[in-house]
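Visitor: I should like to learn how the features of a protein model are read. May we take them one at a time?

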Amino acid sequence: MYNIVKEEYPQLMAEMRDYVDSEIENSQKIRGKILVRDLNNGSITVTLEDNLNIGEGSMVSVNDNLIGIISESSLSSKFRIELKNDISRLKGNYVSVDTDLKNIIPRRIEKVLEKIENDDLDDYDLHVLNCILGDEVPSHQTKTYQLPNNLNHSQKEAVNLSLNADDFHLILGPPGTGKTQIITEIIRTLLQYDKKILITAHTNRAVDNLLEKFKDINPEKILRIGQNYSVSPLNRKYSLKERRKNHPDWQEVQHLDTIIEKTSEERKGIKKRIKKVQEDINRVKSRKYEYSASIKTIKFTIREYEKKKEDYLPRIPGKNVNRDSSLKRKETLEKNSDKYYALAKSILNLENIEESLPDAEEFYELESTIKKMESEKFKKRLISIFNKSKYNEFLSNLTDKKVSYNLMIENYNAYWNLKDALKKQYKKTYPESEGKADEDALQYEIELLNNLEDYLSSKKDEIKLRIENENSSLIYDAYEDYIQSLNQKKEVLDAEFKYLNTLISLQINSINKLKEEEKNIQKTLEKYEKDRSKLLNFINNDLLHKSQLVAATVLSSAHPILDYEIFDFMIMDEASQVAAYTSLLPLLKCKKFILVGDNKQLQPITKDELSEKLNKSIFNHFIEKYPSNYSFLNTQYRMNKGIADLSSNLFYDGKIRTDFSVTDQTIESLKNSENVDINFNNPLTFIDTANMEYYEKGLGDGCENCKEAKIVVEVVKRLMDNGIDPHDIGVITPYKKQKNLINQHLKTFEVEVDTVYSFQGKEKEVIIMSFCKSIIGLLNRFQKKFIADPNQLNVSITRARKKLIIIGNSKTIKQSPLIKELLETIGKSNTIKLSN
C-alpha cells in the first residue's frame, strides 16, 4: 500500500519545494527610530534607516524579543507596527526590526518537506499520506459509545463514526450545527480511554473556543501551544509558558535564569569595556594615522628641500688664465708706470725748481750788494748814533738780504744734489739709451688702461660669482636650518609614533585579556544556557508526556516540542480553511485524524505558485474524494429559521433543519426613523439604495462607498437607540476600504466592523452587510465573482442569530445570479427602497 504513496507524492513534493524556495526570503534587520508610541492600541510608528521590503499584515520581530504585525506602511521606510507584547518593554527611542518571522510558514512547511524528502517517515506518516493520496475507502469499527442525550441523531452518528474510525473521519457541519459541541464530545470520550489528542484549527480563536469547553478537566492534562499573546486570557493557564511555572523543576530554571542574567550582565560589562578600549584604540590609531601622515609629509619635504639645497651649493671659481695674466701684466705695467711716472715727476720738479732759481747775474748782484753793505755797516752805525731807527732798518735789510742769499745757495745746492740724483735715476731707467720719462709713463698708463678693461671684466665675474655664492650660501643655510627643524619635528613625531604603538600594544593586550575573560564567561554562559535548555526540554517533554490534550493552530503544530510526538487522534476544526499543503504539519503527527469543516464556508487563500490540488482545502479534498463517506450535521441551533433557510436553500439544497429553540427568535422592533423604516420583528431586511443615485469611489483597488457607510451608521444608531447592545451588532463588508471607512464613522461606538474572513467563527444578534458596490453599468467578471463568492456570502449571512440587514444597490449587485436569488428569497415585503 505504501508504494502507491511513494509513486504519487514526488510530483507534489517537487511543487511544494518550488513554492517553499520561492517564498523564503532573505530576512532584513534594520534600525529604526520610534516616531509615535500609541499606548492605548499597543502600537509604534517607526521610520527605518533603510527600505524594508515587506507588506501590511506581515509579522516582524522588534528588538529580538517583541512580535508585531505591520498594520500600515508609508513608502518603504515608515511603518506602523501593532505589538503583541507589552509596549512598555520598549526602552529608548530606537529599535531594530527583523523580518525573518515572515518566513515562519514556508520554513515550517520546509521541515515537513525535508522529513519526506529524506525518507524520514514512519509507518504512521506513510499511512496518513496514503489516506490523502490513496484510493481506499475509510473504514470504521462498530462499537457504540454512550453519548449525552442533548446530542441530536446526526451529531451522535458523527461522534460514533469518528470514535470508530480505523483511519480518519470527516464531519461536515454547516453554520450553527454544533461542530464545537461534537468535537468536545469526541475529545471527552477519547480522554476517558486515555487517548492522546492533538486538536488544531486554522485560527487561534477556534482553538481557544474548543479549549474553553474543558474547564472541568485537570489543567495538567491540557497543553496549549502558541505565543501567549495569541492565546485567549482564559486559556493561558494551559500554555507552555504558564504550565512550566508549576513544574517541580521550574525553580531550578529560575535559578539558572538569575545566574544567566547576572552572567550576561557581567558579559555586557566586559563588552562595554572592550568597546571602550577599542574606541580608545581607534582614537589612538586615528592619531597614529595623523602622525604617520605628518611624518610621511615631513620626509617628503626633507627630500624635496635636500634636492633644492643642492642647487644653492657655493660654486668654486675655476682657474682664470686670462685674469691671472692680466693681473701679472697689470702689476708689471703699474710698476713700470710708477717708475717712469716718478722719473717724469722728478724731472718736472727739477725743471720747476730750475725755473724758480735766480739767474747768476741776480745772485752775483745780491752777493755784491751784501759785501757793499757789510763795508758800510760801521759807517752806518756811527751815523745812526743820533738816529737809531734808521740804523736798525739798515740792519734788518742786511739780514733779509743775507737770508735770501743763503736761501739761494741752499736752493742751488739742493737743485744740484737733486739733479745729480735724477741723473742717476735716469741712467738707471735708461741705462743704454735716452728716453722721455713722461711719454713712457703715459704710454704705460695707456697700456695699463687697456689691460684694466680685461682685468675689470674678469674681476666683475669674480665679484658676481662671489655675490652669487654669498646669496646661495644664505639660501643654502636657510634650507639647512629648515631641514634641521623638520628633522627635529620628525624626531618628536617619531617618538610620539613609537609611544602610540606602545600604547596600542598595551591596549590590545588589555582587549585580548578582556576577550579571553569574555570568552570564559561566554563558555560559562553557554553552559548555563545549555543546562537551562536541557532542563526546559526536559520540562517541556515532561509536560507533553503528562498532557493528554494538546491544542495548537495548524501552523503552531510544527512547534519543535511536537517534532517527535505521535498522537492517537488529531482533530482539525475549520478544516475547510486549511490548504492541503499546510495540513501536512499536523497530519504527520497522528495515527488517526478527524476533519471538521464545511466546504460551503471560507476556503484557504490561494497561492498562485501552487496547483489547484495543493491550494484546495484538505477538507474539500476528502469530501470530493469520498462524497458519501462523511457525517452531515443537519440541525442548526444559532439562527432564526428565516436566516437559516436562506443559507440552507442557497447552499445546502434545503437539508438544514432549525431547532425549535431558535426558530422564531427576533429582536425588538425599532422606532421608524426619517431615513430608514425597518420592522425588526422580521429576521430579514434588504435596504435597497438603487434609487438614491450615488456611487462608490472609483479610485484604485477595492471599494469605498461614503453614503452607504452613513446608512450603516444610521442603522447602528437606531439599533442602539432601541436598546440593542453594541457588542451584539456586527458589520460585515467584503472590502477593507469600506471596513476602514465605516470604522471611522463608528469609532466612538463599540461595534465590531470587519471583513468576512475575520468574522469566521463568530456570531452576533444582528449582522449588517454592506456590499459597497454601486456603479453605473456592468460589473466585470472579477467584481461579480468577488462580491458573490458563495463561501463568503454563506459565512456573512450565517453570522446573524436574530436579524440580518443587507444594504446595497440592487441594480449593481443583482448582476450576480447568486445575489439576485438571495434578494428574491428575502422578497419585496422585506425590502426597503431608499430614495434621495
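Guide: The turns below take up pockets, a surface patch, two loop residues and the annotated regions. Please note that this is a predicted model.

Visitor: How much space lies in the second largest pocket?

Guide: Rolling a probe the size of a water molecule over the atoms shows where empty space is left. In this case, the second largest pocket holds about 660 Å³ of space. Its lining consists of 26 residues, and those closest to the centre are Lys179, Thr180, Arg638, Gly761 and Glu763.

Visitor: Which helices each supply at least two residues of that lining?

Guide: Helix 5 (179–192) and helix 6 (204–211) each do so.

Visitor: Let us turn to the surface. Which residues make the nonpolar surface patch of about 630 Å²?

Guide: The patch is formed by Phe378, Leu382, Ile383, Ile385 and Phe386. One of them, Ile385, sits in the loop that joins helix 10 (360–383) to helix 11 (388–429).

Visitor: Is isoleucine 385 buried or exposed?

Guide: A residue counts as exposed when its relative accessible area is over 50%. Isoleucine 385 has a value of 56%, and is therefore exposed.

Visitor: I should also like to read backbone angles. What is notable about phi of glutamate 574?

Guide: Its phi is near 55 degrees, which is a positive value in a residue other than glycine. Glutamate 574 belongs to the loop between strand 11 (567–572) and helix 13 (580–587). Its relative accessible area is 9%, so glutamate 574 is classed as buried; the cut-off for that class is under 20%.

Visitor: Where is aspartate 653 placed, and is this residue buried or exposed?

Guide: Aspartate 653 is found in the loop between helix 16 (641–651) and strand 15 (657–658). Its relative accessibility is 68%, so aspartate 653 counts as exposed. Aspartate 653 also has a positive phi, of about 55 degrees, although it is not a glycine.

Visitor: Finally, the annotations. Which residues does UniProt list for "coiled-coil region"?

Guide: The unreviewed UniProt entry lists residues 260–287 and 476–534 under that name. In the model, residues 260–287 are 100% helix and 0% strand, with end C-alpha atoms 39 Å apart. Residues 476–534 are likewise 100% helix and 0% strand, and their end C-alpha atoms lie 82 Å apart.

Visitor: Which residues does the annotation "domain: DNA2/NAM7 helicase helicase" cover?

Guide: According to the unreviewed UniProt entry, that annotation covers residues 150–308 and 450–607. The span 150–308 is 62% helix and 8% strand in the model, and its end C-alpha atoms are 114 Å apart.

Conventions: Residues numbered from 1 in each chain as written. Predicted model: local features only at pLDDT ≥ 70, side-chain atom pairs only at ≥ 80, totals over all residues. Heavy atoms only, no water. Patch = residues over 30% accessible without salt bridge, like charges linked within 9 Å, V, L, I, M, F, W, Y side chains within 5 Å. Areas by Shrake-Rupley, 256 points an atom, 1.4 Å probe, with all protein chains shown as cover. Salt bridge = Lys/Arg side-chain N within 4 Å of Asp/Glu carboxyl O. Helix = DSSP H or I, 4+ residues; strand = E, 2+ residues; numbered from the N terminus. Buried < 20%, exposed > 50% of the residue type's maximum accessible area, 1.4 Å probe, protein only. UniProt positions renumbered as here; feature names shortened; annotations may be inferred. 1 Å grid on protein atoms, 1.4 Å probe; cavity = no way out; pocket = protein on both sides within 12 Å on 5 of 7 lines; lining within 4 Å. Points joined across faces, edges and corners; volume = space filled by probe spheres on them.
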